[in-house]
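Trainee: I would like to go through this model with you, step by step. Where should we begin?

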Amino acid sequence: MKIGRSDFIGVVGPVGSGKTSLLLSLLGELDRSSGTISMNDNHDGIALVTQDAWIFNGTIRENILFGAFYNPEWYRKVIDACALMTDMESWPAGDLTEVDEGGTTLSGGQKARINLARQVYQEKDIYFLDDPFAQLDRPVCLHIYENCIMGLLRDATKVMVSHQVSSFKKLTK
């Protein structure tokens with residue numbers, strides 16, 4: 001497999017077929033029995049958007065910034081591209097709303113979008129996306145695909161895996 005700079009690769013397969021293992025292998029997190037993984041050293045980091053969104057105890061903003069410097073202009077672009085604007089307006093304190101460990105007060109879709117926004121905010125060159133649309137409806141998927149994946153991340157290398165062909169079909173229709 002050869003993945004070029006700014007490529008967008010989609011991998012589809014049934015549950016348990018090794019899609020997440022492929023991403024973890026590309027990250028060097030799994031032992032290889034053979035073969036090599038080589039990557040151009042001239043890149044600015046790798047982001048992994050996991051299936052299970054990780055939310056920690058803190059504000060929504062803290063969950064997105066994850067210790068990075070707050071740039072209001074970039075932050076607004078990211079939350080808009082990740083379809084979080086309406087949510088921000090509905091939360092009691094906007095993005096300063098506190099969430100508990102695991103984000104039990106958030107829906108699965110909100111957690112997934114916050115998880116995506118956290119990685120996008122970091123401005124990496126390579127994004128591994130593990131079924132990021134699984135918990136989202138079609139209009140939200142389309143918004144994120146157009147504004148985030150093909151918008152803010154247009155120059156980044158992207159590898160997205162899913163067990164549903166429809167995840168890719170809903171984006172191309």
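Mentor: This is a predicted model. Begin with one residue in a loop: Phe66 is found between α2 and α3.

Trainee: What is the phi of Phe66, about which value?

Mentor: Most residues other than glycine have a negative phi. Phe66 is not a glycine, yet its phi is positive. At 46% relative accessibility this residue counts as partly exposed. The phi of Phe66 is about 50°.

Trainee: Which residue in the segment before β1 has a positive phi?

Mentor: Strand β1 covers 8-12, and the residue sits in the segment before that strand. Its phi is near 70°, and the residue is something other than glycine. With 32% relative accessibility, it counts as partly exposed. The residue is Ser6.

Trainee: In what pattern do the helices and strands follow one another along the sequence?

Mentor: The secondary structure comes to seven helices and six strands. Read along the sequence, the pattern is β-α-β-β-α-α-α-β-α-β-α-β-α.

Trainee: Why is the chain described as being as compact as a globular protein of that length?

Mentor: The globule rule gives 16 Å for 173 residues. The chain is close to that figure, so it is as compact as a globular protein of that length. Along the principal axes, the C-alpha trace spans about 50 × 35 × 30 Å. The radius of gyration behind the comparison is 16 Å.

Trainee: What share of the contacts with a separation of 6 or more comes from residues 24 or more positions apart?

Mentor: Burial can be stated alongside: 43% of the 173 residues count as buried. For contacts with a separation of 6 or more, the share from residues 24 or more positions apart is 78%.

Trainee: How far apart are the centres of the positive and negative side chains?

Mentor: The accessible surface comes to about 9,400 Å², with 49% of that belonging to carbon and sulfur atoms. As for charge, there are 17 positive and 22 negative side chains. The centres of the two sets lie apart by 7 Å.

Trainee: How many salt bridges does the structure hold?

Mentor: One of them joins Lys77 and Glu73, with the closest N and O atoms 3.7 Å apart. That distance is within the cut-off of 4 Å. The structure's count of salt bridges is three.

Trainee: What separation, in helical turns, lies between Lys77 and Glu73?

Mentor: Both residues belong to helix α3, residues 72-81. Lys77 is partly exposed at 43%, whereas Glu73 counts as exposed at 56%. The two are four residues apart, so the separation is about one helical turn.

Trainee: Which residue forms a salt bridge with Asp87?

Mentor: The closest N and O atoms of this pair are 2.5 Å apart. Asp87 lies in helix α4 and its partner in helix α5 (residues 108-121), so the pair ties together parts that are 26 residues apart in sequence. Both side-chain owners are buried. The partner is Arg113.

Trainee: Is Asp95, which pairs with Arg61, buried or exposed?

Mentor: The side chains of Asp95 and Arg61 meet in a salt bridge at 2.9 Å, N to O. Asp95 lies in the loop between α4 (85-90) and β4 (98-99) and Arg61 in helix α2 (residues 60-65), so the pair ties together parts that are 34 residues apart in sequence. The cut-off for burial is under 20% relative accessible area. At 12% relative accessibility, Asp95 counts as buried.

Note on methods: Residues are numbered from 1 along each chain as its sequence is written. This is a predicted model: local features need pLDDT of at least 70, side-chain atom pairs count only at pLDDT 80 or more; totals for chains, interfaces and linings use all residues. Side-chain values use heavy atoms; hydrogens and water are left out. The radius of gyration is taken over C-alpha atoms; the globule rule is 2.2 Å times the number of residues to the power 0.38. Buried means under 20% relative accessible area, exposed over 50%, partly exposed in between (1.4 Å probe, protein chains only). Contact means heavy atoms within 4.5 Å. Accessible areas come from the Shrake-Rupley method with a 1.4 Å probe; for residues, only the protein chains shown count as cover. Lys and Arg count as positive and Asp and Glu as negative; His and the chain ends are not counted. The place of a charge is taken as NZ of Lys, CZ of Arg, CG of Asp or CD of Glu.
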